[in-house]
Amino acid sequence: MAALLPPAVAAFRGVDAELHAWALFLQGSLATRLGEAAAAQEAFRRAEPHLPFLAHIPTGDGFARRIEALSPAADTESEAAFVLETLAPPGNGPVVVASCDSGYLERFGPLFLASLDRFSTPGQAAHLHILDPRPDTAARVRALEGRLRHVRLGWSHETSPAGLTAQARTTFYTFARFLRVPRLSRLYQAPLMVADIDACLLSDPVGFLAPLSAATPLALQHFPDNLARLYDGVGGGLVVMRPDPAVIALFDRIRRFLVSWIAERRLHYFLDQIALTAGTDDAVRRGDGPSILPIPVKGRLFLCGDGLFVQILTEKDQPGFAASIAALLDRLERTPPAPDPQLDRSMILKAIGVMV
């Protein structure tokens with residue numbers, strides 16, 4: 001890569017500014033891996049006008065320095081924004097946590113909860129954290145809960161920070177659930193399964209906990225050998241965790257990193273992944289991080305123990321998606337679970353347009 005990247009950088013210069021920036025980013029990423037911090041920072045500086053998320057990537061001990069410099073006032077302001085409405089009584093499996101704005105609650109909340117309800121055993125707990133709630137949000141949550149057979153639903157909400165641009169607010173929506181992981185972990189005192197809401201669970205959440213233990217209390221998408229790992233080394237689509245002190249401490253430091261950027265009102269897309277990657281790197285550097293179990297992917301399915309999970313990606317933008325989901329929800333409500341769970345999985349995957 002050291003031999004290949006300089007010609008790539010040169011070839012894109014003056015031809016395609018964005019591809020030139022991505023090549024510079026990879027060159028800086030390689031320099032980071034080789035311990036050449038100054039070269040990495042220079043590459044990122046040159047690429048940042050076209051890749052603004054590079055402003056968020058810390059080098060050296062930058063993650064630790066940033067969270068240590070966080071003002072108590074900014075931390076207090078962020079924590080005060082969290083408003084708890086109800087907690088769901090925890091069951092035998094992890095509390096399934098998702099976060100979304102009011103629009104995504106309406107668009108994806110019914111499907112997310114219906115798929116969870118389909119495969120869960122009675123008493124399964126879920127928690128929705130809703131951003132920028134509307135006057136009718138409480139009624140919508142009650143209506144969603146009324147359609148559930150097995151799942152008990154808790155929820156909370158917060159208003160996004162003032163002074164954000166529309167793009168920054170969208171970025172805030174992508175990482176807000178990780179702001180609240182430490183609080184929810186302390187409130188529930190139970191394992192958590194933190195997931196994208198534009199997704200479907202395809203098995204009982206209990207199965208996701210099976211591979212975790214006191215020795216390995218955290219499972220997430222982990223790509224330490226990816227050259228682009230500084231922004232894509234940890235995926236935020238699915239995280240499963242035990243409420244161990246080392247796990248809570250890790251996510252509290254990630255929370256502080258995110259709050260530090262909120263305080264500056266500088267939020268660029270991919271900040272969620274950057275924070276997760278930088279936080280786990282910082283924990284390794286400090287020597288106090290939890291052992292991580294990587295969540296593998298088979299085709300489009302995330303596999304964690306006996307757990308199966310699928311994200312909805314470009315399918316949601318296809319014509320007819322909303323009608324297909326409405327028909328699926330109607331069928332799930334009218335019919336009991338199939339004797340073979342694979343039949344229900346196939347039905348859901350077909351309806352959302354995912355081929356596995």
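This text walks through the fold of one chain, from its overall build to a few chosen details. The model is predicted.

Start with the whole chain. Its secondary structure comes to 14 helices and 12 strands. The radius of gyration is 21 Å, close to the 21 Å that the globule rule gives for 356 residues, so the chain is as compact as a globular protein of that length. Along the principal axes, the C-alpha trace spans about 60 × 45 × 40 Å.

Next, look at how the chain packs. Of its 356 residues, 53% count as buried. Now take the contacts between residues at least 6 apart in sequence. Of these, 79% join residues at least 24 apart. The outside can be described too. The accessible surface of the chain comes to about 15300 Å². Carbon and sulfur atoms account for 56% of that surface.

Now turn to one of the sheets. Strands of a sheet pair through backbone hydrogen bonds, either parallel or antiparallel. Here the sheet is open and has four strands, in the order 6-12-11-10. The pairing is antiparallel. Strand 6 (199-201) and strand 10 (297-298) are the edge strands. Each of them pairs on one side only.

Follow strand 10 to its partner. Strand 11 covers residues 301-304. Two bridges join strand 10 to strand 11, and the two run antiparallel. One contact point can be named: Lys298 has Leu301 of strand 11 as its bridge partner.

Move on to the surface. Leu84, Leu87 and Leu187 make a nonpolar patch there, of about 210 Å². Of these residues, consider Leu187. Its place is in helix 8, which covers residues 166-188. Is Leu187 buried or exposed? The answer lies in between: its relative accessibility is 33%, above the 20% limit for buried and below the 50% limit for exposed, so Leu187 counts as partly exposed.

Finish at the start of the chain. Met1 sits in the segment before helix 1 (5-12). Which residues does Met1 touch, not counting those up to four places away in sequence? They are Pro6, Leu30 and Leu227. Thr32 offers a distance to check in the model. Met1 and Thr32 are 31 residues apart in sequence. In space, they are 13 Å apart, C-alpha to C-alpha.

Note on methods: Residues numbered from 1 in each chain as written. Predicted model: local features only at pLDDT ≥ 70, side-chain atom pairs only at ≥ 80, totals over all residues. Heavy atoms only, no water. Patch = residues over 30% accessible without salt bridge, like charges linked within 9 Å, V, L, I, M, F, W, Y side chains within 5 Å. Areas by Shrake-Rupley, 256 points an atom, 1.4 Å probe, with all protein chains shown as cover. Salt bridge = Lys/Arg side-chain N within 4 Å of Asp/Glu carboxyl O. Buried < 20%, exposed > 50% of the residue type's maximum accessible area, 1.4 Å probe, protein only. Rg over C-alpha atoms; globule rule 2.2 N^0.38 Å. Contact = heavy atoms within 4.5 Å. Pairing = 2+ DSSP bridges.
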